[in-house]
Structure formats: structure tokens, C-alpha cells
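Here are some exercises to work through with the model open beside you. Try each task on your own before you read its solution.

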Amino acid sequence: MEKILARLERRFGRYAIHNLISLIVGGMAIVWVLSLLKPEFQDRLVLDMDAVRAGQIWRLVTFLFIPTETSPWWVLIMLYFTWWVGSSLEQHWGPFKFNLYYALGALGTIVAALIAGPATNFWLDASLFLAFATVFPEVTILLFFVIPVRVKWLGIVAALFMAYAAAMGGWGARASIAASMVNYLVFFGEHWYGVFTRRATVARQKSRLESMRPSAGRGSSPAAGGPPVFGERVCALCGAREADGADIRVCSCEKCGGHPRTLCLEHARNH
């Protein structure tokens with residue numbers, strides 16, 4: 001995926017909008033102020049595809065500027081937090097990749113509106129936070145301005161909340177969540193596949209190493225019934241002893257039946 005993004009950036013990077021999140025947050029602030037003056041104002045901005053078909057095509061963009069909070073205090077916090085998350089991602093990725101991530105989320109939300117009815121930018125903003133938590137997992141923020149919490153834990157909570165909302169909500173909510181997460185899957189699907197693949201590989205390697213170690217209660221030498229330990233190993237073919245200076249290896253190839261067998265270096269190479 002990184003190669004594809006790099007090629008796209010080389011070809012279309014010059015068209016990227018710099019400081020996109022500042023424009024989005026600024027638009028949210030304006031919409032919030034106008035909504036204080038005229039509460040029904042936001043109703044004309046919601047992504048309603050029936051209204052779009054009737055000619056109100058501005059809704060395909062204006063839904064991005066609807067603030068998810070109404071209280072003045074929480075609106076200020078939400079605006080700052082959204083700007084901080086978005087600007088951090090843009091600095092890390094560059095304007096083009098951030099534009100692409102946000103555009104994919106917006107397109108996904110539009111698709112969800114086609115399937116499930118009117119939609120807002122709530123889940124799109126949630127996808128921004130998940131991206132931030134994935135890219136900057138060790139960043140610490142003060143929850144409620146008091147409790148220090150690493151962002152990765154908040155990201156896990158957010159993901160669980162989304163899963164719960166999808167499970168408990170109707171098909172409309174599920175479509176909205178799934179469609180708005182397309183950007184996250186495109187950008188981080190390969191990352192998580194690699195993480196789980198590496199963990200599985202490490203687990204297999206650890207299991208194999210454990211199988212080659214002396215078992216508890218079985219002794220640490222051949223006389224005790226357990227596999228020989230370093231310094232006491234003997235070649236199974238010629239009887240060369242590690243204690244006498246022989247280079248003894250442990251082999252578990254198919255010729256050895258898949259079980260660990262001690263061999264001197266010459267027989268390990270030629271058996």
C-alpha cells in the first residue's frame with residue numbers, strides 16, 4: 001500500500017490542500033456560531049441524499065463542517081482536539097496522504113448516506129482519531145484534564161465503542177460505521193496484518209524453543225531422562241562429547257524424525 005500511495009503522491013501531490021484540517025475546523029466554528037443565531041441552520045447541511053437529488057448538492061461537502069457538540073465549552077475542546085489530531089497526522093504523512101485519508105472517509109460517509117439515509121461526520125472524525133492512535137500510540141493526553149492516559153488505550157476504547165454501536169444499532173448505523181472506516185482499512189490494513197503475522201511467527205518460534213529445553217522434573221542430563229544440556233551433549237552417531245571439545249549441534253530436521261537430536265558438526269552437515 002505504501003508503494004501505491006507514494007506513486008499517487010508523486011503524480012497528484014501538487015494538488016493537495018495544505019492545512020486541510022484547519023479549514024475543516026474553521027468551518028465547524030463558523031457553522032456553530034451560525035447555529036446559535038439560527039438553530040435550524042444545521043438541518044440544511046446534513047448529508048441527506050434525497051435533498052442532494054433535489055438539487056441541494058452543497059450537502060455533499062457541508063456535512064463535514066457540522067460540529068458534533070453544542071455546548072460552548074465542549075465545542076472548543078472538540079475543535080482543538082480535532083485540529084490537533086488532524087494537524088499531527090498531516091505533519092506525519094504530508095498533505096497529500098492526509099487529504100487522501102480524509103477524502104476516502106468522506107466518500108465512505110456519502111456511500112453510507114446512499115445506503116442508510118442522512119449522515120453526519122461523526123464516524124469520519126472517529127476514523128481520524130483511530131488513525132492518530134495507531135500512528136502515535138505512546139502519546140499521553142490528560143483525560144478530563146487530570147488523568148494521564150496513553151492514546152493507544154483510548155484508541156482501543158474507541159474501537160470497542162464502534163463495535164458495540166455496530167452490534168447494537170440497525171443496519172443504517174452499521175453501514176455508516178463500515179463505510180466511514182474504509183480509509184482506516186486502506187491505510188492500516190497491511191499494518192495490522194503484519195502485526196498479527198509477526199505475533200504468530202514469534203509464538204511458533206517460542207513454542208519450538210520450549211520443546212527443545214529440558215522439561216521440569218525430568219532432569220537436565222540424559223541419565224535423568226531429559227534432553228542433554230549445553231556442555232553435556234554427545235553426538236548420537238559417533239559418541240563425540242561436548243565436554244571433550246567437540247562442536248555439538250541440535251538438529252530436528254526430517255531425517256531426524258522432527259525431534260531434537262544431538263550431532264557433532266561433521267554429522268550435522270552430512271547426515
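## Exercise 1: The main core

In this predicted model, the largest nonpolar core has 51 residues, and those with the most contacts inside it are L89, W93, Y101, L128 and F188.

**Task.** Find which helix gives the most to this core, then list what W93 touches.

**Solution.**
- Step 1: Begin with the helices that each supply at least two residues of this core: α2, α3 (49-53), α5, α6, α7, α8 (151-168) and α10 (182-211).
- Step 2: Of these, α7 gives the most, with 10 residues.
- Step 3: Now turn to W93. Leaving out residues up to four places away in sequence, W93 touches F98, Y101, A131, V135, F187 and F188.
- Step 4: Look for a second core. Another one, of six residues, lies apart from the main core, and C235, I248, C251 and L263 are among its members.

For background, nonpolar side chains tend to be buried together in soluble globular proteins.

## Exercise 2: Two sides of a helix

**Task.** Work out which residues of α2 are buried and which are exposed on the other side.

**Solution.**
- Step 1: Locate the helix. α2 covers residues 20-37, which is 18 residues, and it reaches 26 Å from its first C-alpha to its last, close to the 26 Å expected at 1.5 Å a residue.
- Step 2: Pick out the buried residues of α2: L20, I21, I24, V25, G27, M28, V31, W32 and S35.
- Step 3: Ask how they are arranged. They cover an arc of only 155° around the axis, so they sit on the same side of α2.
- Step 4: Recall a general rule: an α-helix has 3.6 residues a turn, so residues three or four places apart point the same way.
- Step 5: Check the other side of α2, where L23, I30, L36 and L37 are exposed.
- Step 6: Find the cover. The buried residues of α2 are covered by parts that include α5 (72-93), α6 (95-116) and α7 (122-135).

## Exercise 3: Buried or partly exposed?

**Task.** Decide whether T62, N121 and G239 are buried or partly exposed, and describe where each one lies.

**Solution.**
- Step 1: Use the cut-offs. Buried means under 20% relative accessible area, exposed means over 50%, and partly exposed is in between.
- Step 2: T62 has 17% relative accessibility, so T62 counts as buried. T62 belongs to helix α4 (residues 59-62). Its side chain reaches the backbone oxygen of L45 at 3.1 Å. Leaving aside neighbours within four places in sequence, T62 is in contact with R44 and L45.
- Step 3: N121 has 0% relative accessibility and therefore counts as buried. You will find N121 in the loop between α6 and α7. Not counting residues up to four places away in sequence, N121 touches M28, F63, L64, F65, I66 and T68.
- Step 4: G239 has 37% relative accessibility, so G239 counts as partly exposed. The loop between α10 and β3 (248-251) holds G239. G239 and T262 are 23 residues apart along the chain, and their C-alpha atoms are separated by 9.9 Å.

## Exercise 4: The whole chain

**Task.** Describe the protein chain by its helices and strands, its buried residues and the area it exposes.

**Solution.**
- Step 1: The secondary structure comes to 11 helices and four strands.
- Step 2: Buried residues make up 36% of the 271 residues.
- Step 3: The chain exposes about 16,500 Å², and carbon and sulfur atoms supply 64% of that.

Conventions:
Residues numbered from 1 in each chain as written. Predicted model: local features only at pLDDT ≥ 70, side-chain atom pairs only at ≥ 80, totals over all residues. Heavy atoms only, no water. Buried < 20%, exposed > 50% of the residue type's maximum accessible area, 1.4 Å probe, protein only. Polar contact = N/O pair within 3.5 Å; in protein donor to acceptor, adjacent residues only side chain to side chain. Contact = heavy atoms within 4.5 Å. Areas by Shrake-Rupley, 256 points an atom, 1.4 Å probe, with all protein chains shown as cover. Expected span 1.5 Å × (residues − 1). Arc of directions from axis to C-beta. Core = buried A, V, L, I, M, F, W, Y, C linked by side-chain atoms within 4.5 Å.
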